[in-house]
Structures are given as C-alpha cells and as structure tokens.
Amino acid sequence: MKISTEEWRRQLENELKNNILGFWMEHTLDEAHGGFAGEIDNQMNVIADAEKSLVLNARILWTFASAYRLYGTSEYLAMAERAYDYLMQHFTDTEYGGLFWMVDARGVPSQPKKQIYGQAFAIYALAEFYHATGRADALQQAVDLFHIVEKHGYDPIYKGYIEALSREWQGTDNLSLSSKDMNEKKSMNTHLHVLEGYTGLYRVWKSEELKSKLAELIETMLDHIIDADGKHFYLFLDEEWHVKSQSISYGHDIEGSWLLVEAAEVLGDEALLQRVRKVAVSMAEAVLAEGIAEDGGIWNEADGSGHIDKSRDWWPQAEAVVGFYNAYQLTHETRFLEAAENAWIFTDRYIVDHKLGEWYWGVDEALQPLAREPKVSAWKCPYHNSRACFEMIGRLTLHPTIKETK
C-alpha cells in the first residue's frame with residue numbers, strides 16, 4: 001500500500017469535512033432568494049441570474065442528509081433542511097405532480113418538463129433525508145415520486161424508463177438531459193440513477209412493489225444496457241433497446257459497477273448478487289485496462305477509434321476510488337487496491353482545489369485545471385466527491401485492506 005488505512009481514512013475525512021462540506025456551507029447559500037446559488041465560476045464569482053437545477057438541489061440534500069446521518073452535526077442538518085424546504089417550495093409541481101427540471105434564480109419554474117433522471121435524484125435525496133431524520137413527510141414525498149415514475153416513466157412494453165415527459169406527463173421530443181446528450185428515448189444514465197434512487201428508498205421502505213421493480217431494473221440493465229462481454233455500458237438506446245451510441249464513458253462504467261452491487265446487496269437476492277458481482281469485476285477490469293492513464297487518473301470517454309476525451313473530470317476520479325476499491329473487496333486482488341489508491345492520490349494532487357476549496361471541474365491532458373468550467377453549477381454538485389468520501393471512510397473502517405488484517 002502507498003497509504004496506510006488509518007492515514008487514508010484521515011485524509012478522506014479531512015477532505016470531506018474541511019473542504020467539501022465546509023465549502024458548500026460557507027460559499028453557496030443564496031441569501032437573496034433562498035436555497036443555493038445556481039452557479040459559481042472557477043474564480044468564485046457568483047452568477048446571480050443562473051438557473052437552479054433539480055439535480056443540484058437534490059444532490060445538496062442527499063449530501064448533507066448523509067453527513068448528518070453519519071456525524072449528527074446540527075450545521076449539516078440545517079443545510080439538509082434548507083435544501084429540502086427549497087425543493088418542496090420551488091420545484092414541486094402542485095398541479096401535475098413531480099418536480100420541475102429547472103427554476104430561475106428567484107425560484108420560478110423555467111424548464112417545467114419532467115426528467116425521470118431528476119425525479120430519481122429527488123427520490124434518492126428524500127429517502128436519505130428520511131433515513132437521517134426520521135421525517136415521515138420526506139418518506140411520503142419519496143414514495144409518491146416512486147409511484148409517479150412508475151405510472152408515467154415506466155415502459156410497460158419493453159421495460160425500463162423513458163427519459164422525459166412534458167410538465168403534464170405527456171410525450172415530448174425534448175428528451176435529453178443536456179446539450180452533451182443524445183435525444184433518445186432511453187439512456188444508461190437515467191437507468192443508473194433510477195437504480196440508485198430505488199436502492200436508497202428500499203433501504204428505508206421495504207415495499208414488495210419496490211422490491212420487484214428494483215430487481216427488474218437490475219436485470220434490465222444486465223440484459224440491455226451492459227454489453228455482451230460485461231465490460232461497458234451502452235450510453236444511449238431507443239425504446240426497443242437498439243443501441244444508438246458506441247461511445248464509452250469510463251466514469252459511468254466504474255460508478256455503475258459498484259452501484260449495481262450495492263443495489264443487489266440491499267435487495268438481498270443472492271442469485272442476482274452473484275451475477276452482478278461477476279459483471280462488476282469485469283467492468284472494473286475493463287476500465288483498469290483501457291481507461292487509466294499512467295498517472296492514475298481516469299480519462300472521460302473513448303470510442304472504437306480510441307480515447308476521444310482525455311480530460312479528467314472530477315466525478316470519474318471520485319467514482320474510480322470507490323469502484324476499484326469495491327472490486328478489490330470482491331476479489332482481494334491488489335491491482336484493484338492499487339488502482340483505488342492511485343485514483344485518490346491523483347485526485348488529491350490535481351483535482352482538489354487546495355486554494356479556493358472544493359474540486360476543480362477537471363484537468364486537461366497537461367494536467368492543468370479547466371479554468372473556464374464552474375465550481376458550482378446545474379451539474380457541479382457536492383455529491384460524487386462527498387459520496388466517495390462517505391463510502392471509503394465506511395469501507396476502510398469496516399473492511400480494512402486484506403494486507404492489514406492478516
């Protein structure tokens with residue numbers, strides 16, 4: 001090991017408490033209009049008129065609910081409650097149900113469509129808030145959203161979930177999450193995060209209906225969204241699961257490898273868990289073989305011609321730490337432990353902003369920060385990096401490295 005378990009855990013907890021959580025508490029509150037700033041650039045300038053996204057606000061809620069559940073600190077609870085109140089007051093569609101995709105800087109709906117990805121993150125966050133506080137209203141909101149997603153977003157013919165619907169839950173041609181995504185009916189990304197949300201909800205609400213839907217979703221991902229070799233996710237698909245993109249997202253592959261294991265473990269289906277563990281290891285192997293630079297960082301994307309995006313964004317680095325450590329726990333193979341350590345060392349050296357706080361969006365091929373990318377935005381949230389810390393602190397505490405337990 002390059003780092004002892006004790007030292008690694010200390011570094012992670014320091015990063016979590018003093019850099020990530022501290023940054024969001026100190027710099028992101030919108031005192032003028034409530035909630036949190038919609039965007040802060042890399043030089044720490046607040047973009048006053050920026051829209052506020054459902055993703056950002058749900059992820060803030062999840063992060064600080066998790067922090068409060070683990071540490072019981074009143075400041076973390078206050079942040080979680082602020083995020084919860086803002087979501088309920090400004091994102092909730094009291095007429096048609098569900099949550100809006102975007103509101104403007106003052107909290108007025110600006111993009112009222114119903115993105116299933118966004119509903120899934122709200123379920124994830126609300127379930128965690130209930131887990132941390134026991135607030136029955138939060139659990140009820142999560143359960144209601146689950147039923148809404150199943151009613152409107154589920155495909156009863158081919159299974160899985162469509163990308164988006166109109167505010168009124170009617171069909172829409174505006175399906176994509178962002179300008180970077182294809183405008184297709186189904187995507188890996190939405191299914192991965194519905195899986196995540198349903199896993200979080202099933203932890204705290206042992207519904208037979210939810211259990212059945214979670215099991216089906218795991219099987220759907222294994223059967224349709226992971227390639228035949230069990231190495232990579234297909235990113236975009238049509239309604240009938242015809243593949244529409246050949247690009248590879250290494251960050252999603254390594255993230256999905258451990259989220260699938262977590263889902264099967266929470267579900268408690270041993271046969272499905274064995275199937276998922278095998279796929280998780282093969283996906284981690286593929287990322288290790290194809291997607292890691294010599295310095296330990298993980299590249300963003302590739303296709304059949306090779307790497308098409310050699311930047312190293314913040315979130316794949318965070319997911320690589322957990323995903324490789326998860327593969328190490330499954331196999332006891334030190335190559336995965338070394339990959340997890342290398343991912344953390346790379347992240348601490350190049351991705352963590354040790355001067356202004358939080359993490360850079362990423363670095364370029366020359367390992368220079370992507371200075372034009374924001375520190376806070378609709379997509380730049382405290383969830384991937386805080387979750388990596390939460391996960392690793394827990395795993396290193398409960399399951400230290402094999403070397404140190406022999």
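**Exercise 1. Work out whether the length of helix α4 agrees with the expected rise per residue, and describe its surroundings.**

Solution. The structure is a predicted model, and every value below is computed from it. Start with the count: α4 has 18 residues, which at 1.5 Å a residue should span 26 Å. Next, take the end C-alpha atoms of α4, which are 26 Å apart, so the two values agree. Then turn to burial, where α4 proves to be mostly covered, with 15 of its 18 residues buried. Finally, look just past the helix, where α4 is followed by Gly-134, a residue with a positive phi near 75°.

**Exercise 2. Carry out the corresponding check for helix α6, and state how many of its residues are buried.**

Solution. Helix α6 covers residues 188-204, which makes 17 residues. From its first C-alpha to its last it reaches 25 Å, close to the 24 Å expected at 1.5 Å a residue. As for its surroundings, α6 is mostly covered, since 16 of its 17 residues are buried, a term that requires a relative accessible area under 20%.

**Exercise 3. Identify which residues touch the most other members of the largest nonpolar core, and which helix contributes the largest share.**

Solution. The largest nonpolar core holds 138 residues, and those that touch the most other members are Trp-8, Leu-195, Leu-201 and Ile-218. The largest share of this core, 12 residues, comes from helix α4, residues 116-133. As general background, nonpolar side chains tend to be buried together in soluble globular proteins.

**Exercise 4. Describe the largest pocket by its volume, its lining and the helices that supply it.**

Solution. Begin with the volume, which is about 840 Å³ for the largest pocket. Its lining is made of 32 residues, and the ones nearest the centre are Lys-180, Asp-181, His-252, Glu-301 and Trp-315. Sorted by class, the lining of the largest pocket has 11 nonpolar, 13 polar and eight charged residues. The helices α6, α8 (250-267) and α10 (314-331) each supply at least two residues of this lining.

**Exercise 5. Describe the second largest pocket in the same way, and find the element that gives the most to its lining.**

Solution. The second largest pocket contains about 690 Å³ of space. It is lined by 31 residues, of which Arg-203, Glu-262, Phe-390, Glu-391 and Arg-395 are the closest to its centre. Two or more residues of the lining come from each of α2 (54-71), α4, α6, α8, α10 and α12 (383-398). The element that gives the most to the lining of the second largest pocket is α12, with eight residues. By class, this second lining has 15 nonpolar, seven polar and nine charged residues.

**Exercise 6. Decide whether Gly-251 is buried or exposed, and list its contacts beyond its sequence neighbours.**

Solution. Locate the residue first: Gly-251 lies in helix α8. Its relative accessibility is 0%, so Gly-251 counts as buried. Leaving out residues up to four places away in sequence, Gly-251 touches Ile-298, Asn-300, Trp-315, Pro-316 and Glu-319. Trp-315 is also one of the residues that lie nearest the centre of the largest pocket.

**Exercise 7. Place Leu-175 in the chain, and determine its burial and its contacts.**

Solution. Leu-175 lies in the loop between β5 (164-165) and β6 (186-187). With a relative accessible area of 5%, Leu-175 falls under the 20% limit and is therefore buried. When neighbours within four places in sequence are set aside, Leu-175 is in contact with Lys-113, Gln-115, Glu-163, Ala-164, Asn-183, Glu-184 and Lys-185. The C-alpha atoms of Leu-175 and Ile-116, although 59 residues apart along the chain, are separated by 9.7 Å.

**Exercise 8. For Met-44 and Glu-358, give the sign of phi and decide how each is covered.**

Solution. Met-44 is not a glycine, yet its phi is positive, about 75°. Met-44 sits in the loop between α1 (5-27) and β1 (52-53), and its relative accessible area of 21% makes it partly exposed. Glu-358 is likewise a residue other than glycine with a positive phi, about 60°. Glu-358 is found in the loop between α11 (334-351) and β12 (362-363), and at 0% relative accessibility it counts as buried.

Notes. Residues are numbered from 1 along each chain as its sequence is written. This is a predicted model: local features need pLDDT of at least 70, side-chain atom pairs count only at pLDDT 80 or more; totals for chains, interfaces and linings use all residues. Side-chain values use heavy atoms; hydrogens and water are left out. Helices (H or I, at least four residues) and strands (E, at least two) are DSSP runs, numbered from the N terminus. The expected span of a helix is 1.5 Å times one less than its number of residues. Buried means under 20% relative accessible area, exposed over 50%, partly exposed in between (1.4 Å probe, protein chains only). A nonpolar core is a set of buried Ala, Val, Leu, Ile, Met, Phe, Trp, Tyr and Cys residues joined through side-chain atoms within 4.5 Å. On a 1 Å grid over the protein atoms alone, a cavity is a set of points where a 1.4 Å probe fits but cannot get out, and a pocket is an open set with protein on both sides within 12 Å along at least five of seven lines; lining residues have an atom within 4 Å of a point. Grid points are joined across faces, edges and corners, and a volume is the space filled by probe spheres set on the points. Ala, Val, Leu, Ile, Met, Phe, Trp, Tyr, Cys and Pro count as nonpolar, Asp, Glu, Lys and Arg as charged, and the others, Gly among them, as polar. Contact means heavy atoms within 4.5 Å.
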